[in-house]
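This report looks at a few local features of one protein chain. Please have the sequence and the 3D view open while reading.

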Amino acid sequence: MKYHIQSFGCQMNVYDTKSLMGLLNSAGHEFTDNLDEAEMILLNTCAIREGAEDRVRGRIGQLKRFKDRGVLQYLGVCGCMGQKEGRRLTDSVSFLDLVMGPGAIGNIVSLVDRLQAGERPLIDLSGIDDYFDEIPPVETDEITYPRFVSIMRGCDKRCTYCIVPYTRGGEHSRDPRIILQEAESLVQKGFKEITLIGQTVNSYSYDGVHFANLLEMVNDIPGIERIRFATSHPGSATRDMFDAMAGLDHVCEQLHLPVQAGSNRTLKRMKRGYTREEYLEKIAYFRSLFKDSDIPISVTTDIIVGFPGETEEEFEETLDLMREVRYDAAFMFKFSPRRGTPAAEMPDQVDEVEKSRRLDRLIKLQQEVSKEVNQEFLGKTIEVMIERVSHTLKHGTTYEARMRTGRIVKLDQDSKLDQDSKFDQDSKFDQDSGQHQVGDILNVAVTRCTSYSLYGEPVKEEEIYVA
Ligand code: SAH
Ligand code: SF4
Ligand code: F3S
């Protein structure tokens with residue numbers, strides 16, 4: 001059967017989609033990108049905020065016409081919204097055939113068999129609290145970044161606003177031997193960079209192996225160039241972890257450490273488990289490790305505004321923290337009540353207009369800071385890795401590259417050259433037709449910037465003359 005899967009949400013869903021594809025392909029089903037020929041479509045969904053769920057509901061609505069046309073036989077919802085909503089989804093959408101959660105991925109083939117035998121609707125919310133190892137992702141020869149390796153799943157932190165512990169269950173770390181095997185085989189296939197993922201990736205712990213130990217082990221894989229990880233929780237960010245980031249040559253200098261709020265009272269209601277002062281101390285320690293080095297480092301965060309009971313004064317403390325830390329970038333959200341979480345029931349919910357006002361102020365502040373941070377790169381020479389090569393008639397060959405800190409640098413130096421030499425002959429190009437290929441690591445000089453983007457030109461290696 002031909003099937004299609006669309007992923008919403010975070011890196012865990014991207015990973016899970018690859019696992020679903022691995023299982024379905026092994027059972028003889030075939031992935032297609034063409035929705036018109038898909039006999040089954042699965043939406044791998046996110047429930048983190050109302051907006052994420054609205055997008056999925058919108059998508060389900062759009063897919064009805066594919067079912068009406070008759071080629072599409074089965075429409076399913078997997079992932080976090082499936083787990084959270086369960087039967088409510090099939091009760092409200094009559095043309096939905098399958099609802100399952102992240103714990104039921106291993107059952108996908110038998111669920112599809114049952115659909116094909118005429119059973120519907122099927123609901124499988126089992127497994128999120130069982131220990132199971134990750135299901136190997138589908139094999140592909142294509143090298144694209146980011147490439148994720150899951151090291152743990154689930155979350156025990158239970159922040160009062162968050163749905164994840166309910167949709168993904170408690171924390172489980174994977175055996176480091178399996179993680180290393182997976183990472184090594186990727187490097188052997190030609191991947192130069194891997195991103196270790198988990199809901200609170202730095203809480204990793206397996207038989208005495210902690211996150212910093214795991215970073216050391218992955219760093220030792222011959223041929224690996226860059227190691228990233230997401231997402232860290234401040235409570236589990238130890239000095240060992242920061243020391244490993246500074247001391248291990250392949251671990252990137254990129255720290256995404258979501259603070260969520262700058263006021264201790266808000267942090268307490270969120271049940272984040274740290275204070276503003278403890279958080280700032282960790283950032284200061286991380287930065288101190290690089291104070292004598294000219295390697296760029298990056299600190300980014302997530303913030304929620306309008307958490308129940310957040311006063312104007314508490315919000316000001318968040319703005320103040322943002323000014324103090326000067327993040328390279330931040331993901332900023334309005335609090336979205338999630339049914340079943342403690343915060344949804346808290347008194348003094350902040351009204352939507354006020355949440356929007358606070359979000360706007362926060363975004364403006366961060367844009368100013370980001371622009372200043374970007375300007376500091378002007379004229380500097382920085383190591384990047386090419387991640388995407390695109391060829392268009394209008395722009396010629398352009399490259400998107402990434403610094404070790406995760407920041408994107410766009411290179412456009414091939415444009416004119418390629419327009420003249422290649423575009424009049426043929427409009428079809430593969431990833432290799434330009435001067436650089438995906439995975440090339442080179443130095444670029446940063447030539448211009450905006451709040452969000454940096455632009456650069458490769459620095460030519462100086463020619464060496466032998467007399
Ligand atoms: N495990 C990660 C975050 C996962 S969710 C951590 O703890 O850092 C990604 C981000 O979504 C969170 O950091 C938070 O800022 C935001 N988020 C989670 N639940 C939310 C909610 N109910 N309303 C608004 N934003 C939320
Ligand atoms: Fe959600 Fe908090 Fe767990 Fe992050 S640490 S996934 S915000 S409960
Ligand atoms: Fe969304 Fe689930 Fe990830 S709620 S953010 S897809 S863990």
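Where is the place of glycine 9? Glycine 9 sits in the loop between strand 1 (2-7) and helix 1. The model in view is a predicted one.

## Glycine 9

Is glycine 9 buried or exposed? Its relative accessible area is 54%, and the cut-off for exposed is over 50%, so glycine 9 counts as exposed.

Glycine 9 can also be placed relative to threonine 90. In sequence, 81 residues separate glycine 9 from threonine 90. In space, the C-alpha to C-alpha distance between them is 21 Å.

## Helix 1 and helix 5

The loop that holds glycine 9 leads to helix 1. Helix 1 covers residues 11-26, and helix 5 covers residues 108-116. These two helices pack with their axes 9 Å apart, at an angle of about 60°. An angle of about 60° is not under 35 degrees and not within 65 to 115, so helix 1 and helix 5 are described as oblique to each other. Their crossing is right-handed.

Which residues meet in this pair? From helix 1 come Leu20, Leu23 and Leu24, and from helix 5 come Ile108, Val109 and Val112. Sorted by class, the contact of helix 1 with helix 5 has 6 nonpolar residues, with no polar and no charged ones.

## Helix 8 and helix 9

A second pair is formed by helix 8 (residues 211-219) and helix 9 (residues 239-247). Their axes come within 8 Å and cross at roughly 20°. Angles under 35 degrees count as roughly parallel, and helix 8 and helix 9 are therefore roughly parallel to each other. The crossing of helix 8 with helix 9 is left-handed.

On the side of helix 8, the contact is made by Phe211, Ala212 and Leu215. On the side of helix 9, Asp240, Met241 and Ala244 take part. By class, the residues of this contact divide into 5 nonpolar, no polar and 1 charged. Asp counts as charged, so the charged residue in the contact is Asp240.

## Cysteines

How many disulfides does the model have? The count is 0, where a disulfide requires a pair of cysteine sulfur atoms within 2.5 Å.

Are cysteine 162 and cysteine 252 buried or exposed? Buried means under 20% relative accessible area. Cysteine 162 has a value of 14%, so cysteine 162 is buried. Cysteine 252 has a value of 1%, so cysteine 252 is buried as well.

Technical notes. Residues are numbered from 1 along each chain as its sequence is written. Chains are lettered from A and ligands numbered from 1 in the order in which they are written. This is a predicted model: local features need pLDDT of at least 70, side-chain atom pairs count only at pLDDT 80 or more; totals for chains, interfaces and linings use all residues. Side-chain values use heavy atoms; hydrogens and water are left out. Axes are lines fitted to C-alpha atoms, for helices over the stretch in contact, and angles run from 0 to 180 degrees between N-to-C directions. Helices (H or I, at least four residues) and strands (E, at least two) are DSSP runs, numbered from the N terminus. Angles under 35 degrees count as roughly parallel, over 145 as roughly antiparallel, 65 to 115 as roughly perpendicular and the rest as oblique. A crossing is left-handed if the near helix is turned anticlockwise from the far one by less than a right angle, and right-handed if clockwise. Contact means heavy atoms within 4.5 Å. Buried means under 20% relative accessible area, exposed over 50%, partly exposed in between (1.4 Å probe, protein chains only).
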